Amino acid sequence: MNRFATLAQPRHEATSSGSAFHWFWAIIAGFSVPILIVIFGMVAALIEYGELPRTTASFARETGNQHTVELGTYLNIPVPSAFATQAPFAQLTELVIIAIAISGIFCFAVWMNRRSSDHRTREVVKNLHQRLLQQSLRRAESEGAAAQRSRARQLISNDLPELGIGLSLWHRVIPRSVLMLGGCVVLALLVNVWLAILAVISGAGLWRLYSWMRSPDWLQMSRFEIPKIRERLVSLIGDAPMMARLQAGGLADQAFQAELDALDRWVAGDDARRGRLWPVLMFAGSIAIALLVMGLGANILHGQQGLSLPASLVLGLALTASAFSAARLSELARQLRRSSRACESIYLYLQRGDDVAPSERLVGLAGLRESVDLRDVSLQDAGGKPILRDLSLSLRPKSLVAVLGTDDVSTQSLTELLMGFGRPQRGIVEIDGISLRDVHPQALAKQVMWIAPDGPLWEGTITENLMAGLSKSVDKRDMVNVLEELGIYEQITRLSDGLETMVGPVTDLRDGRSSDGLSMNSRYMLGIARALLHRPPIVLAKEPPAPTEHLSNDPCLKAMKTLAASGALVLVLPHRLQTLRQCDRVVLLNGANLVGEGGHTELLNSSDLYRHLNYLLFNPYRHRSGN
């Protein structure tokens, strides 16, 4: 596969607009360098000979043009008569002014080309972020929300930045560096065909030799193997005292010596390759220079016309610019090797499957009257590992239910199923006899509310966060009453703008508080307050870690019991022992399996696993056992 075609999909995105503008500045930048080299050659010719134009009599007879500057075998630059008749100093002044003007145009064109490249890249990457959001919502309906979080982290943190680097570099190099390379090579060939060909062949040979000497496979293997061997040596040193007590007959010493010999071989091989790299390259470069000198000498000593100083300058500058352009293309090729993998990963995730997502079915839902039923539900992750196995539950309104398990993924996935995320491989999830497969997510979203440890809160004021999605009108006094009931209103009034304080997602907590002044527990309380105002039929909550101070009467727990008493089904993932004690029912999972359900006291008496989890998760003195 052609590596330079790997970014075809992002390059042809609809948001990658402005191609005509981009190509215009790229063409100007690409051709400005060969023109500048010609101007420099003319300046050198003027300084060398003291006048312009200077051409051979034979060329003048053949072309009939007396106003031509000869800068090589086939490179003859015609000049206007008005320029040719000027004094040499006036000619030099005009050439310098022209060179400065072209340099300015070149720099401006490079800047505009870079600006255009970055703008097009940003638009594509921004659009891909938005498409990832839409695709994650769609995939969450069949694969679960937890799976999308880990995948999105990889795509947004690694793949999209890598794609952006490659795409921006592509736009900066293609076609600018290609045009510069082509123009400078043609210029070198016009100066002297054989010397230019010899220089190109020598440069390509040196580059191939450098690539071969670098041996990327060896370097990659050494970067992988050497740290691994060192880790094994550290492990052997740590185990050596214990192995010595086993009287293993020197096996520990033998194992350590074997690993040490392996490390020495890898390091020696790495040093040998690095040590001979530059001497070999310098010797090869000396041979290439010698060949060029021989070619130049043959041209001067045996040819009818040798290379003049201006022609040599033009040839050298053209070859240097060609090498620079070739290096940029090589840099692009290396970057595309990395960006192509990121591009493939992104577009594979965005690829739309043939299955029909639940969001494309139009079935409504009118609250919770009887029960939420899970019948023989089995759920697996992408690798086939069971998350839930043959789970059967019946959850009724007016109840506070805790879900406790040995695997956070399983308990989280159970709550996600009730939000419509995840498509079980077997079994069915129903609300009042209606399968969630047939419920429109927007209709389900009106009946189910998720309360995260951080709220969750989004960018907006506290009032906007509390009222978002609320169809009924709520008096501000009702909002204040709810916040006072939770004991958070006084804290909010101490913020800079009170209820109109801008808040957002948690990105960093310092001293237990985020930049907007809210602690994690305060954010959780705002999530509870939102549920008290909305009164949804189903409430799913994940508690934050318990605060350091003991709460004899937890207002959040009291609010959840109020919601349950008002007719809601409240399902909570507990982090506080007090919550477990006051729940009407506890569902106990061991990995993917349901192993028990009942009241807190009942499970303490009947389940060793439940007693173990209570000690492991909720015993305030568990961390002191190692002291």
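Hi everyone. Let me start with one definition: two strands pair if DSSP finds at least two bridges between them. With that in hand, here is a pairing to look at: Val401 stands opposite Arg585 in strand 13. Before going on, please keep in mind that this is a predicted model.

So let's stay with strand 5 for a moment. Strand 5 and strand 13, which covers residues 585–590, pair in the parallel sense over five bridges. Strand 5 also has a parallel pairing with strand 12, residues 569–573, and there the count is four bridges. On that side, Leu400 has Val570 of strand 12 as its bridge partner.

How many of the residues of strand 5 are buried? Seven of the seven, across residues 399–405, so the strand is largely enclosed by the rest of the structure. If you colour the side chains by direction, you get two sets. Ser399, Val401, Val403 and Gly405 point one way, while Leu400, Ala402 and Leu404 point the other way, and all are buried. That fits the textbook picture: in a regular strand the side chains alternate between the two faces of the sheet.

Let me zoom out briefly. The protein has 627 residues, and 44% of them count as buried. There are 21 helices and 14 strands. For those of you who like contact maps, take the contacts with a separation of 6 or more: residues 24 or more positions apart account for 76% of them. The accessible surface comes to about 33,300 Å², and 58% of that belongs to carbon and sulfur atoms.

Next, another sheet. This one is open, with four strands in the order 4-3-6-7 and antiparallel pairing. Which strands sit at the edges? They are strand 4, residues 386–395, and strand 7, residues 434–435, and each pairs on one side only. Further in, strand 3 (residues 372–380) and strand 6 (residues 426–431) run antiparallel and are joined by five bridges. One bridge to find on your screen is Val372 with Ile431 of strand 6. Then there is helix 12, residues 408–418, which lies across strand 3, strand 4 and strand 6 and runs at about 55° to strand 4.

If you like checking backbone torsions, this sheet has two residues for you. Asp376 is found in strand 3, and it has a positive phi of about 50° although it is not a glycine. Is Asp376 buried or partly exposed? With a relative accessible area of 47%, Asp376 is partly exposed. Over in strand 4 we have Asp390. Asp390 also has a positive phi, about 50°, again without being a glycine. At 43% relative accessibility, Asp390 counts as partly exposed.

While we're on the backbone, there are cis peptide bonds to point out. One joins Ile174 and Pro175, with omega at about 5°. Pro175 is in the loop between helix 6 (145–173) and helix 7 (176–191). Another cis bond runs from Gly455 to Pro456, with omega near -15°. Here the proline, Pro456, is in the loop between strand 8 (448–451) and strand 9 (460–461).

Now to the helices. Helix 11 spans residues 309–350, which makes 42 residues. From first C-alpha to last, helix 11 reaches 59 Å, close to the 62 Å expected at 1.5 Å a residue. Where is the kink in helix 11? It is centred on Arg337, and the bend is about 30°.

I'll finish with two polar residues in other helices. Asn127 is in helix 5, residues 88–143. Its relative accessibility is 18%, and the cut-off for buried is under 20%, so Asn127 counts as buried. Leaving out residues up to four places away in sequence, Asn127 touches Glu13 and Thr15.

The other one is Asp270, in helix 10, residues 251–302. Asp270 counts as buried too, at 11% relative accessibility. As a distance to try for yourselves, Asp270 and Ile226 are 44 residues apart in sequence and 10.0 Å apart in space, C-alpha to C-alpha.

That's my tour. Thanks for listening, and I'm happy to rotate the view for anyone who wants another look.

Methods. Residues numbered from 1 in each chain as written. Predicted model: local features only at pLDDT ≥ 70, side-chain atom pairs only at ≥ 80, totals over all residues. Heavy atoms only, no water. Expected span 1.5 Å × (residues − 1). Bend = angle between axes of the 7 residues up to and from the residue. Buried < 20%, exposed > 50% of the residue type's maximum accessible area, 1.4 Å probe, protein only. Contact = heavy atoms within 4.5 Å. Areas by Shrake-Rupley, 256 points an atom, 1.4 Å probe, with all protein chains shown as cover. Axes fitted to C-alpha atoms, helices over the stretch in contact; angles between N-to-C directions.
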